[in-house]
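Hi there,

Here is the structure I promised to pass on to you. Have a look at it first, and then read my notes below.

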Amino acid sequence: MTIDERALAYRDAYDAQLRARGVQREAAERSGPVVRQVLAGHGGLITYRDLGGLEGTELDTFIAAQRGHFAALGEAVEWKYHGHDLPADLPERLTAAGFSAEERETVLVGEAAQLAAEPAPPQGVTLREVTSRADLERIQVMEEAVWGYDHSWLPDALERELNGEGDPSVVVVAEAGDEVVSAAWMRLHTGTEFASLWGGSTLAAWRGRGIYRALVAHRARLAVARGVRYLQVDASDDSRPILARLGLLPVTTTTPYVWKPSADRP
């Protein structure tokens, strides 16, 4: 099987398993071909496998109805668009309905067993699975140092996932002494062969030393032990080259199209 054939097979599995089930972490409802939900602290989210052939004015009416649903709730909403979605003019129709495109990411998929190498963090750095509130708050401090904005929502979000609300999750920190220098987590998607990798932000002074790669390998080993076949990542332009070198293949792109109530718009 060629690389292109493998990527297409991975994309088909991603669509059939992950996208078809919708996001299971919090209460969700189906509206026609889409699944919509409100994520605590993050507004609304619309996901789907496909739009069931909706196009033209019928699609415009459907998009407006979804926007209206979240407007009535007073919530912003993200329409999670994938680069191979049909119809081809969906981005233009979302834009016309008041949705704004945010940063595009690349969806990469790989075989967990092939990624499950022995983790090799740099000297002085250890990897540890965490569950305590104190450790989740230490992750918050690290994330705020990396990104420069409030992450007060993060400990609550990770704690809900660790406590079994939705798909099982694993949280791992990379520590140098008593300092969290990086952190990452993994969601194991019940009823599928997939787990997804999230996080991986690293303090500036510790970048370029292999910590991100070590966190991927560590989570891959945990995934294999739990019977997972595929690992999936929505990758930024920074992390995509690292993941590609590890053997994950790009299968599509994903772009958040976000609509906000007028009072929230810049």
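Which residue follows H7, and what is the sign of its phi? Gly227 follows H7, and its phi is positive, near 85°.

Please keep in mind that this is a predicted model, where local features need pLDDT of at least 70, side-chain atom pairs count only at pLDDT 80 or more, and totals for chains, interfaces and linings use all residues. Residues are numbered from 1 along each chain as its sequence is written, and side-chain values use heavy atoms, leaving out hydrogens and water.

Now to the helices, which are DSSP runs of H or I with at least four residues, while strands are runs of E with at least two, both numbered from the N terminus. In H7, 11 of the 15 residues are buried (under 20% relative accessible area with a 1.4 Å probe, protein chains only), so this helix is largely enclosed by the rest of the structure. Among the buried ones are Tyr212, His218 and Arg219.

H7 (residues 211-225) also gives 8 residues to the largest nonpolar core, the most of any contributor. Such a core is a set of buried Ala, Val, Leu, Ile, Met, Phe, Trp, Tyr and Cys residues joined through side-chain atoms within 4.5 Å. This one has 44 residues, and Ile139, Met186, Leu231 and Leu243 have the most contacts inside it. A second, separate core of 18 residues includes Val77 and Tyr257.

Finally, look at H1 (residues 3-21). Its buried residues include Ala7, Tyr10 and Leu18.

Enjoy exploring!

Key:
Buried means under 20% relative accessible area, exposed over 50%, partly exposed in between (1.4 Å probe, protein chains only). The expected span of a helix is 1.5 Å times one less than its number of residues.
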